Amino acid sequence: MRYKFLFSVFVFFFIFVFISLGTWQMIRLNWKLNLISEIELSLTKPPVDLLNSEKKNFLRIKTSGEVDYDKQIYLYNLNEEGKPGFEVINPIKINTKNYLLNRGWITFDKKDSLEINNLDEQNIIGVLKKQNKANIFKPKNDIEKNYWFTLNRDDVFSYTGKNFSKYIIYLDGNYQIPKPKKIDANISNNHKKYAITWFSLAISILLLYLYFRKKNY
């Protein structure tokens, strides 16, 4: 009887753990849905003056500044069709603050071409996005050849000699070269699937336990 009792405690412990994990995923699901809703709402609002607004993720802004083309960064990435190329990143000084401006995507052959340096610096409209941490699995940046895989902040400082805001400005507008990156609320949201998995495990273990009891008690 002692072993049967311990076995029951062991089983219900894991059922409790799996139900807790499923509940946590449902809480995360609700949080993620609210976040997506907030982002979608933010992206539909008119742009606000960057200098007179509280900085936050996915805020649509308008501003003007001094773009540095000499320290232009070419960041390897795929476009919306999955074609490899570069995202063109420029330092931009807005008032006294330094930002990185993501002007959009170009093909490899447009690298260092003068035709891509066409920007109305006095009428910049875009979206603020908080810079993500560099992916440790990506190759190291080749600063000498200006061939980047991540916007590693130490590498950016080494290349430009400047520190930048944690927010990157993603340019918006009818530019063709570079082609501005479309910013949307397409955020990974697998919490419902994970919750179903945990709850299913809890139910499966309970059913197996009840079957075992019926056979052995």
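## Salt bridges

The side chains of Lys111 and Asp112 meet in a salt bridge, with 3.4 Å from N to O. This is a predicted model, so read each distance below as a property of that prediction. Asp112 sits out in the open: its relative accessibility is 54%, so it counts as exposed. Right by in sequence there's another pair, Lys110 and Glu115, whose side chains form a salt bridge at 2.8 Å, N to O. Both partners there are partly exposed, with Lys110 at 22% relative accessible area and Glu115 at 42%.

The total comes to four salt bridges. One of them links Asp172 and Arg60, whose closest N and O atoms are 3.6 Å apart. Asp172 belongs to strand β8 (residues 167-172) and Arg60 to strand β2, so this pair ties together parts that are 112 residues apart in sequence. Is each partner buried or partly exposed? Arg60 is buried, because its relative accessible area is 16%, under the 20% cut-off. Asp172 is partly exposed, at 37%.

## Strands around β2

Strand β2 (residues 60-63) pairs with strand β1 (residues 48-49) through two bridges, and the two run parallel. In that pairing, Val48 stands opposite Ile61.

β2 also pairs with strand β7 (residues 124-130), this time antiparallel and through four bridges. Here Arg60 turns up again, standing opposite Val127 in β7. So Arg60 has a strand partner in Val127 as well as a salt-bridge partner in Asp172.

## A buried asparagine

Asn146 is in the loop between β7 and α2 (153-160). Is Asn146 buried or exposed? Its relative accessibility is 10%, so Asn146 counts as buried.

What does the Asn146 side chain pair with? It makes a polar contact of 3.3 Å with the side chain of Tyr159. Setting aside neighbours within four places in sequence, Asn146 is in contact with Gln72, Ile73, Tyr74, Lys111 and Tyr159. Lys111 is a familiar name in that list, being the salt-bridge partner of Asp112.

## A phenylalanine patch

Now to the surface. Phe7, Phe10, Phe13, Phe14 and Phe212 form a nonpolar patch there, with about 460 Å² of accessible area together. Helix α1 (residues 2-44) supplies the largest share of the patch, four residues.

Phe13 is one of the patch residues, and its place is in helix α1. With a relative accessible area of 48%, Phe13 is partly exposed, because the cut-off for exposed is over 50%.

Terms used:
Residues numbered from 1 in each chain as written. Predicted model: local features only at pLDDT ≥ 70, side-chain atom pairs only at ≥ 80, totals over all residues. Heavy atoms only, no water. Pairing = 2+ DSSP bridges. Patch = residues over 30% accessible without salt bridge, like charges linked within 9 Å, V, L, I, M, F, W, Y side chains within 5 Å. Areas by Shrake-Rupley, 256 points an atom, 1.4 Å probe, with all protein chains shown as cover. Buried < 20%, exposed > 50% of the residue type's maximum accessible area, 1.4 Å probe, protein only. Polar contact = N/O pair within 3.5 Å; in protein donor to acceptor, adjacent residues only side chain to side chain. Contact = heavy atoms within 4.5 Å.
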